[in-house]
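Work through these exercises with the sequence and the model side by side. Try each task before you read its solution.

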Amino acid sequence: MSLVAVTRSEYTKQFSTAGWWVLAIVLVVYVAFTAGVLALVFGGVASGRLTGSGPTPQTDGLAGLVYSSASGVGYVFPLLVGTLMVTTEFRHKTLTPTFLATPRRGAVLAGKFVVGIVVGLLYGILGSAAAVAAGAGVLSIFGVDPELGSSDTWTLIGRMLLAFALWAVVGIGVGTVVRNQVAAIVIVLAVTLFIEPIVRTLGGLVSGFSDVVKWFPSAASDALVGKTIFGAMSSGGGGALEWWVGGLVLLAYAVVFLVIGLFTTWRRDID
Amino acid sequence: MPEGQVLELTGLTKRFGAVSAVDSLDARVEPGLVTGFLGPNGAGKTTSLRMLLGLVRPTSGTATIGGKRYADLASPLQTVGAALEASSFHPGRSAANHLKVYARAAKLPTSRVDEVLGLVGLADVAGRRVGGFSLGMRQRLGLATALLGDPGVLVLDEPTNGLDPEGIRWMRSLLRHLAEEGRTVLISSHLLAEVQQTVDALLIISHGRLVFQGGVEDLADPDEYATVVDAPDRAALSALLDERGIPYQLLRNGFTIRHLEPVEVGALAAGADIALSNLQSKGASLEDIFLELVSGVRVHASAGGTTVPTPEVPAAAPTGVPDAESPAPAPAPVPTADPVPAAAPVESLPEPAPSTAMVPVVTPAPAPRAAQPEEPRSSYSVASTGVIDVVPPAPAPDQAATDTTEVQR
């Protein structure tokens with residue numbers, strides 16, 4: 001019962017400030033742009049309108065690759081929104097009234113977890129819609145089949161929604177461990193934009209390294225979604241996890257962070 | 001109508017490393033009264049309140065609301081309403097949405113949001129973002145949050161902070177009204193004057209320890225009074241007083257003489273042919289007593305065994321005082337009608353009474369922050385007129401040993 005109340009409270013909290021839709025707009029623009037450019041390049045080369053420097057890619061499965069950019073580049077957004085769900089509470093000291101209303105602190109985190117999944121799914125829908133709209137639009141200009149009727153496309157979108165939801169709860173875990181908002185944002189951006197891409201690129205080059213790298217969160221996420229530009233360009237798909245293992249790994253990251261946070265920062269004195 | 005609950009702190013202690021923010025605090029707050037929780041900045045008020053509310057984990061001891069810890073309350077917001085600081089808001093959220101968040105958590109109907117916003121006078125700005133609110137408006141929103149669950153207990157930290165005079169007046173009458181309904185109202189402040197007119201009972205802490213517990217009327221002793229006298233020829237008057245060995249303080253508004261009736265002072269001056277420009281009686285200032293209590297100069301019996309005896313007077317430790325819960329009369333020397341300057345009745349110090357109007361800052365306090373080497377410092381006093389005089393340190397340090405507070409000039 002209490003969990004329903006605290007979830008409703010967290011839901012109101014999440015959607016009564018501007019943060020979520022500002023990030024959502026940036027997500028849509030960013031994903032649409034990326035998918036559009038990818039569709040332009042791949043579609044143009046595949047259809048022969050643009051001259052490629054390498055071998056001509058096949059048009060089969062090209063649409064899925066373009067659409068997967070939603071999670072491939074957009075996963076930072078659910079991660080950020082999840083992190084902010086926790087760190088804003090510390091930053092604006094709203095944890096005081098929150099814990100006064102719900103002294104069982106674990107329940108607050110559980111409520112955030114549920115709302116995090118809701119926000120993650122919402123971002124997943126927005127991101128997928130942006131990728132499909134921009135990608136399919138550009139692909140059809142070049143006469144490449146957008147594959148909107150294909151069950152593969154819809155499976156891909158379903159898995160992307162799952163990935164978005166999991167990234168949001170990973171973000172909540174990160175925010176619970178790293179209370180400082182600025183520090184948390186810097187860590188999230190540094191890891192997702194610099195550290196992981198670099199290490200994964202190296203992992204594709206050094207043999208044996210990819211067995212470690214495939215357990216990284218973004219690699220697990222790509223495995224879950226099944227197709228990525230990153231995977232297509234670097235590792236060659238050799239060391240990738242099964243899609244469901246990828247999902248479990250991502251969930252494990254979220255749970256580990258949440259448990260660490262629950263027993264450290266979440267138990268601390270609030271002042 | 002929710003019932004007020006008794007708040008009880010038992011041996012409540014919070015240590016941050018070696019520093020005791022709150023040190024074995026025993027206190028009881030009764031329903032139906034407005035209780036003021038006083039102490040200087042850093043005395044441990046906020047930490048005590050946060051321990052009561054389950055936000056800070058006590059090092060030892062307990063704090064209960066109607067016998068239950070905060071975390072064990074079935075419906076916390078309907079039992080206790082608290083406003084701890086004027087900044088617990090997301091600046092981007094509207095006032096109404098802020099309240100809605102906590103109404104949802106406490107399973108309260110959202111109609112309650114509009115009710116409390118109307119109650120605190122924020123109905124017109126319900127949809128505005130809190131980021132644009134003034135401190136006074138935030139204070140009101142904090143109070144609205146506290147009142148959301150219509151609780152029987154209200155715990156407010158510095159509720160009048162940032163309010164304009166009209167707002168302070170409104171807040172006072174609201175708190176009185178809530179207490180008259182039978183609720184428990186606990187408000188903290190670092191200024192006695194701010195709560196003096198509102199509170200029925202007082203808890204005073206200093207350096208994390210209880211120094212007074214009881215009614216406002218127990219704070220001041222009716223036998224403490226002073227005569228204020230002034231003359232155009234102040235030199236002659238001070239010479240006369242010196243000659244008679246009468247201790248006095250020279251403040252802006254004249255000489256303050258303790259335990260001497262105006263009629264006696266007047267007769268004295270008349271006998272010496274000194275024309276007076278002012279002669280009046282004044283009661284003991286509660287602010288003075290408050291400052292003495294928190295600085296450790298004065299020890300009140302209601303503090304029970306919790307007060308650390310000052311090093312000079314180990315025998316005077318009020319260890320025999322049995323109760324810290326009821327403001328029993330002090331077991332100190334019985335006040336006499338003797339108008340000769342004597343020890344203040346509630347003093348347990350065997351030394352001649354320090355003046356009650358001047359609080360030396362160099363008193364040996366148990367806290368580490370008072371551990372600086374003894375050096376003459378400016379003391380200060382708050383006269384009943386509200387004028388704050390800064391008094392330069394005594395010229396002769398040896399004089400301060402026996403009579404720390406009398407400053408002659």
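**Exercise 1. Through how many residues does a hairpin join E11(B) to E12(B)?**

Before the solution, some ground rules. This is a predicted model, in which local features need pLDDT of at least 70, side-chain atom pairs count only at pLDDT 80 or more, and totals for chains, interfaces and linings use all residues. Residues are numbered from 1 along each chain as its sequence is written, while chains are lettered from A and ligands numbered from 1 in the order in which they are written.

Step 1. Find the elements. Helices (H or I, at least four residues) and strands (E, at least two) are DSSP runs, numbered from the N terminus. E11(B) covers residues 249-251, and E12(B) covers residues 254-258.

Step 2. Read the link. The hairpin joins E11(B) to E12(B) through two residues.

Step 3. Check the pairing. Two strands pair if DSSP finds at least two bridges between them. E11(B) and E12(B) run antiparallel, joined by three bridges. B:Leu251 faces B:Gly254 of E12(B).

Step 4. Look for another partner. E10(B), residues 225-230, is joined to E12(B) by four bridges, again antiparallel. Here B:Ala226 has B:Arg258 of E12(B) as its bridge partner.

**Exercise 2. Decide what is buried and what is exposed in three places of chain B.**

Step 1. Learn the rule. A residue is buried if 20 or more other C-beta atoms lie within 10 Å of its own, exposed if 12 or fewer, and partly exposed in between; C-beta atoms are placed from the backbone.

Step 2. Take E12(B). Five of its five residues are buried, so the strand is mostly covered.

Step 3. Take H11(B), residues 286-295. Eight of its 10 residues are buried, so the helix is largely enclosed by the rest of the structure. Among them are B:Ile289, B:Phe290 and B:Leu291. B:Gly296 follows H11(B) and has a positive phi, near 90 degrees.

Step 4. Take B:Ser173. This residue lies in H6(B), residues 165-180. It counts as exposed because it has 11 C-beta neighbours inside 10 Å.

Step 5. Step back to the whole chain. Of the 409 residues of chain B, 44% count as buried.

**Exercise 3. In what order do the strands of the open sheet E2-E1-E4 of chain B lie, and which are its edges?**

Step 1. Write the order. The three strands run E2-E1-E4, with antiparallel pairing.

Step 2. Pick the edges. E2(B), residues 19-29, and E4(B), residues 60-65, each pair on one side only.

Step 3. Note the turn. On average, neighbouring strands of this sheet are turned by 20 degrees against each other, direction ignored.

Step 4. Zoom in on one pair. Five bridges join E1(B), residues 7-16, to E4(B). B:Glu8 stands opposite B:Thr64 there.

Step 5. Add the helix. H1(B), residues 45-52, lies across E1, E2 and E4 of chain B and runs at about 120 degrees to E1(B). Axes are lines fitted to C-alpha atoms, for helices over the stretch in contact, and angles run from 0 to 180 degrees between N-to-C directions.

**Exercise 4. Compare two helix pairs in chain A.**

Step 1. Set the cut-offs. Angles under 35 degrees count as roughly parallel, over 145 as roughly antiparallel, 65 to 115 as roughly perpendicular and the rest as oblique.

Step 2. Take H2(A), residues 19-46, and H7(A), residues 105-141. They pack at about 30 degrees, with axes 8 Å apart. That angle makes H2(A) roughly parallel to H7(A).

Step 3. Classify the residues. Ala, Val, Leu, Ile, Met, Phe, Trp, Tyr, Cys and Pro count as nonpolar, Asp, Glu, Lys and Arg as charged, and the others, Gly among them, as polar. The contact of H2(A) with H7(A) has 19 nonpolar, four polar and no charged residues.

Step 4. Take H8(A), residues 151-177, and H11(A), residues 217-225. Their axes come within 8 Å and cross at roughly 155 degrees. That makes H8(A) roughly antiparallel to H11(A). Their contact has nine nonpolar, one polar and one charged residues.

**Exercise 5. How many residues of chain B are in contact with chain A?**

Step 1. Apply the rule. Two residues are in contact if their C-beta atoms, placed from the backbone, lie within 7 Å.

Step 2. Count. 29 residues of chain B are in contact with 23 residues of chain A.

Step 3. Find the main supplier. H3(B) gives the most to this side of chain B, with six residues.
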